[in-house]
Amino acid sequence: MNIQQTPQGEIMILTLSGKIMGGPDYEKFHSEIKSLINDGYVDIVLNMSKVTWINSTGLGILVSAFHTLKKNGGQLKICEVSDRIDNILNVTQLKLVFETFDSCDEALASFNLG
């Protein structure tokens, strides 16, 4: 899994690419989230347009990040998921946990930054 950061004001867009499979991906993603929180970014959009596959451990990584951000007063939203991954989110009922959007712009607009 590769992670690319694109700040948008107070929100950080993380573009993930490759496969999210757990193991070293967990450490990498978890430390990324922790350092973003330390830098003051608690609202994060995950752009998953380049993610080719995610397994159950990978889903666990996303759930863990979701809870970590929530504890710190932030939110995690997901955009541009492929049909295959959208299907996985439906089957696992994680669509009920994560807010998903067709585009990054929609995800960004959904944050209420009063």
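## A guided tour of the chain

Begin with the whole chain in view and follow it along the sequence, where the pattern reads β-β-α-β-α-β-α-β-α, which comes to four helices and five strands. The radius of gyration is 13 Å, close to the 13 Å that the globule rule gives for 114 residues, so the chain is as compact as a globular protein of that length. Please keep in mind throughout that this is a predicted model.

While everything is still displayed, turn the chain about: its C-alpha atoms fill a box of roughly 35 × 30 × 25 Å along the principal axes. If you show the surface, its accessible area comes to about 6000 Å², and 47% of that belongs to carbon and sulfur atoms. Of the 114 residues, 46% are buried, and among the contacts with a separation of 6 or more, 73% link residues that stand 24 or more positions apart.

Next, select helix H3, residues 83–91, and show its side chains. Which residues of H3 are buried? They are Ile 85, Ile 88 and Leu 89, and because they cover an arc of only 100° around the axis, they lie on the same side of H3. The general reason is that an α-helix has 3.6 residues a turn, so residues three or four places apart point the same way.

Now add what covers these buried residues, which includes strand E3 (43–54), helix H2 (56–71) and strand E5 (99–101). Then look at the face of H3 turned away from the buried side, where you will find the exposed residues Asp 83 and Val 91. Following H3 comes Gln 93, whose phi is positive, near 65°.

From here, select Phe 66 and Phe 98, which form the one aromatic pair counted in this model. Their arrangement is edge-to-face, with 5.5 Å from centre to centre and 85° between the planes. Phe 66 lies in helix H2, whereas Phe 98 is in the loop between H3 and E5, so the pair ties together parts that are 32 residues apart in sequence. Are these two rings buried or exposed? Phe 66 has a relative accessible area of 14% and is therefore buried, and Phe 98, at 3% relative accessibility, counts as buried too; the cut-off for this label is under 20%.

For the last stop, select Lys 77 together with Phe 111, and view the ring from above: Lys 77 lies over the face of Phe 111, at 4.5 Å from the ring centre.

Definitions and conventions. Residues numbered from 1 in each chain as written. Predicted model: local features only at pLDDT ≥ 70, side-chain atom pairs only at ≥ 80, totals over all residues. Heavy atoms only, no water. Buried < 20%, exposed > 50% of the residue type's maximum accessible area, 1.4 Å probe, protein only. Helix = DSSP H or I, 4+ residues; strand = E, 2+ residues; numbered from the N terminus. Arc of directions from axis to C-beta. Contact = heavy atoms within 4.5 Å. Phe/Tyr/Trp six-rings, centres within 6.5 Å; stacked < 30°, edge-to-face > 60°. Lys NZ or Arg CZ within 6 Å of the ring centre and 35° of its normal. Rg over C-alpha atoms; globule rule 2.2 N^0.38 Å. Areas by Shrake-Rupley, 256 points an atom, 1.4 Å probe, with all protein chains shown as cover.
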